[in-house]
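Q: I have this model open in front of me and would like a close look at one part of it. Please start with a single position, then connect it step by step to the rest.

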Amino acid sequence: MDSFIKLPANQASFDIGANAAKRNVDIDLPAGAVYDLTKSYVNVKLETTLTNAEAPASGVGVVNVFNTLSNGTGNEASLHYPNTAALVKNAQLISNSKGGLESIRDVQTLRSAQAAYDFNLAEQNDDKGKLAHFELNNMYHIHPQNEINKVGSEKSVNGDHDVKIPLSRIFNMCKVAEAYDTSNSAYGSTKIHLELNSQRLGNAEDSTADFATKTLLNVTGAEKIQDMADLDNAANAGATVIDKLISKAAYSSLDSIPFFVSQHVKIGATSTNASGAPVAHDCLITNIKRAKVDDRGGLPDAVLAADVLEITIDPALPAIEGTKKYSAIAMVPTASNNLDNQVIKSVELVAYVNKSDKPPANYTYTTYMSEADSYPVGNTASRLYTIPAGCKNVIICPGNPSAGARSDDANLERYRLAIDNRELTPRAVRINSAMHYDLINQVYKNNGESVHSYLQKAFNVVAGTARTDPGANPAVGCFQQNIIACPVPFKAVPQQLQLDLEAASGQDLNGNLIVYFEVVKQK
């Protein structure tokens, strides 16, 4: 019967942050078993411990936190990575009996660029084992890091997060090695060496922005997310303590609720109360439910709209005295949490032991050789590269992708490709033209695969999904993700690739790119 085994990394600790030194991962696949590498994966366990200087007396809240690889400022600092291989910078797969199987540099650039074509929007919505959750249908997302509860009184919980990196998304050999034999007569014990991008690993807090300006998508009315119903003591002579608020906005779907239990919020209001209204009242949400009747302490009953929320807070608001009133009540999440305490708790290989399939004598697969290049900044550039023997495809990531994981030179307008002085196209190829898409499609067909998306976008986890008002620009937070790709005549001798780049009129090219040569190997 097939089974999984867990093999911990040889290293016991890892660093995170700009000065991260401990970034190498070595995992030994022991001899004597047959593994299905297509189903095996590396598991990186992350933990974030939160501190909050403004925590109310009722305790420290829970944060809706997501993990990301920061490769810029603003929206680019929270990009979504549908392929978790972006967490790997360099990778090697080494067999004790057959030597080096694969050695790939700048994995994060290659796999993140390919991800724009490998994953459609529905596939990007799948959050299993990813750094962060990506949703087009919700304004505020729930991420895999912590257990967030939107309804009821059960507390949300700070937890660990497992980032799953399938070996098949790092190494091409692992796409075909369904019965990898580690007996000494076959591949023998095998080492997986990874250099992580943990120097770029970080996190951020979702569900804290735009409550004062945003309304719910596809809902008519001017109620902002922060708006709460007025508190009117009416004819009551005594003071009334309030620990429940009613939302003005209606939530037809529970998924669209941006608040959650154990969330730290601030409440403000204006008042006719001589003793003053709450100003930046710090509290935690302790319960969320549909509000069917108005049961806020001793306040008079009120007719409530359908699907509004009753939100219980702790500690309660200052009492309303006499026949006074709180109005313009606003509830907004605090963004004062300290998320710097992020650690990698462990790294391990979850290997699938295959006891049913007969191992082949060897595997035929492809791998990537790469060349990082820089050239003088200008309106045009002409470069010459040697294509290694046995190459079937070339993928070029323009811009400065080695600094991050997004492949794009915003000023690049057109390009020409020639192999051994023979033009691949009759004219220059314009970025995002039909000919550009056709060349990329030919590369996928050459591998027996299909393109899943031609959007060529890298999305921002928070601002680049559906967090826009109705009628606003839906592309806010989306960033271009282009590659140049073409199939190569398969030859047993090296060939010459000539690449000519041209920027838009009056613009300059970035001056950097990485060329990946996909070559065939058999071992």
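A: **From one loop outwards**

Ala177 sits in the loop that joins β7 (160-166) to β8 (180-181); helices (H or I, at least four residues) and strands (E, at least two) are DSSP runs numbered from the N terminus. Please keep in mind that this is a predicted model, in which local features need pLDDT (the predictor's confidence in each residue, from 0 to 100) of at least 70 and side-chain atom pairs count only at 80 or more, while totals for chains, interfaces and linings use all residues. Numbering runs from 1 along each chain as its sequence is written, and side-chain values use heavy atoms, without hydrogens or water.

Ala177 has a relative accessible area of 0%, so it counts as buried (under 20%, with exposed over 50% and partly exposed in between; 1.4 Å probe, protein chains only). Apart from its neighbours within four places in sequence, Ala177 is in contact (heavy atoms within 4.5 Å) with Tyr35, Asp36, Leu37, Thr38 and Tyr363. Asn362 lies 185 residues from Ala177 along the sequence, yet their C-alpha atoms are 9.3 Å apart.

Across the protein, 78% of the contacts with a separation of 6 or more are made by residues 24 or more positions apart. Thr312 gives another local view: this residue belongs to strand β16 (residues 309-320). At 11% relative accessible area, Thr312 is buried. Beyond four places in sequence, Thr312 touches Asp243 and Lys244 as well as Leu284, Ile285, Thr286 and Asn287.

Now for a loop that leads to a helix. Thr425 is placed between β23 (422-423) and β24 (429-430), and its 7% relative accessibility makes it buried. Leaving out residues up to four places away, Thr425 touches Leu417, Met435 and Leu439. Leu439 is 14 residues from Thr425 along the chain, with 9.5 Å between the two C-alpha atoms.

Met435 and Leu439 are also among the buried residues of α3, together with His436, Ile440, Asn441, Val443 and Tyr444. This buried set packs against α1, β21 (391-398), β22 (412-419), β24 and β27 (484-487). Just past the end of α3, Gly448 has a positive phi of about 70°.

The partner helix α1 is mostly covered, with 11 of its 12 residues buried. Those buried in α1 include Val107, Leu110, Arg111 and Tyr117.

The largest pocket holds about 510 Å³, the space filled by probe spheres set on grid points joined across faces, edges and corners. A pocket here is an open set of points on a 1 Å grid over the protein atoms alone, where a 1.4 Å probe fits and protein lies on both sides within 12 Å along at least five of seven lines; lining residues have an atom within 4 Å of a point. It is lined by 22 residues, and Arg111, Asp118, Asn172, Lys175 and Glu449 are the closest to its centre. Both helices discussed above take part: α1 (107-118), β19 (364-374) and α3 (434-446) are the elements that each give two or more residues to the lining.

Stepping back, the protein has three helices and 29 strands, and 52% of its 523 residues count as buried. The average pLDDT is 86, with 85% of the residues scoring at least 70. Residues 464-475 deserve some caution, as their pLDDT is below 50, although this stretch has 34 contacts in the model beyond near neighbours in sequence.
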